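Student: Could you take me through one part of this model up close? I would like to see how a single residue sits among its surroundings.

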Amino acid sequence: MKLPIHIIEMLKCRSGNDLHIPSDCEYLSLDIESKTGVRIGATTLKRLLGFAQDERTPHTSTLNVIARYLGYTHWEELSKIEEQGNSDFDTPEDEVRSDDLVIGNEVVYEYLPDRKVTVRYLGNHRFTVVESLNSKLHVDDEVEIQHFVLHHPLYVLDVLRNGHSLGSFTAGHISGLSSVKIIR
C-alpha cells in the first residue's frame, strides 16, 4: 500500500527531507524513532512511499506511529483529511490548535490524577513550560505541540530540556486531558 500523496507531502515537511530516493527512508526511519520512540523500518517506509512495489497493507500500529509523528492522535484521525478535506470551518470548543494562537498566549491543561501544566506559545508549534504541577515536564522545557484536545491524550512531538531533545512525550495516556484553557 502506498500512502496518499498528501500524507507523503506531510512527511516531507515534518522530516525536512524531500524523500526523493529510497535511501532517504533511512533518515525518515531515524527521525520517526527520535520523535515517537517507535521504529518503523526503512523497508516498510520504502513500501509506503512507493519506492518498492508491494501492495501489503501495513499494520495499524505502523500507521498510528506515522500519524503520531505528524501530530495526530491516530491513523483514523489523519486519514479523515482525505475524506473530509484539509480544511474545516468548525473548530470544536474542546480543541485548542497551536496555529490559532498568538505568540505569548498561554494554555493551561490538566489531566489525571492531579497534573496541571501551563505553557506559553513561542510560535511555530513551540511552547515553553511556565508552570508544571506533578508533571514530568519541567519549567523552561521547550515543547512542540500541534493541538490540545479535551478527553484525548496530549501528544508532545518533542521536548527540549537544557538544549537537549528528550524525544516525544504523551500526557494523559489513559483518560486524556480533563481541562484545556487559553489565557490570552
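Tutor: Happy to! Let's start with Thr-73, which is buried, with a relative accessible area of 11% (buried means under 20%, using a 1.4 Å probe and protein chains only). Before going on, note that this is a predicted model, where local features need pLDDT of at least 70 and side-chain atom pairs count only at pLDDT 80 or more, while totals for chains, interfaces and linings use all residues. Residues are numbered from 1 along each chain as its sequence is written, and side-chain values use heavy atoms, leaving out hydrogens and water.

Where along the chain are we? Thr-73 belongs to the loop that links helix H4 (60–69) with helix H5 (75–84); helices here are DSSP runs of H or I with at least four residues, numbered from the N terminus.

Now look at the side chain of Thr-73. One polar contact joins it to the side chain of Glu-77, at 2.5 Å, and another joins it to the side chain of His-74, at 3.4 Å. A polar contact is a pair of N or O atoms within 3.5 Å; within protein, one must be able to donate a hydrogen and the other to accept it, and residues adjacent in sequence count only if both atoms are side-chain atoms.

Which residues does Thr-73 touch when neighbours within four places in sequence are left aside? They are Arg-68, Pro-153 and Tyr-155, where contact means heavy atoms within 4.5 Å.

Tyr-155 leads us on to strand S7 (154–161), which helix H2 (residues 24–36) touches, along with S8, as it packs on the sheet.

Notes. Helix = DSSP H or I, 4+ residues; strand = E, 2+ residues; numbered from the N terminus. Buried < 20%, exposed > 50% of the residue type's maximum accessible area, 1.4 Å probe, protein only. Axes fitted to C-alpha atoms, helices over the stretch in contact; angles between N-to-C directions.
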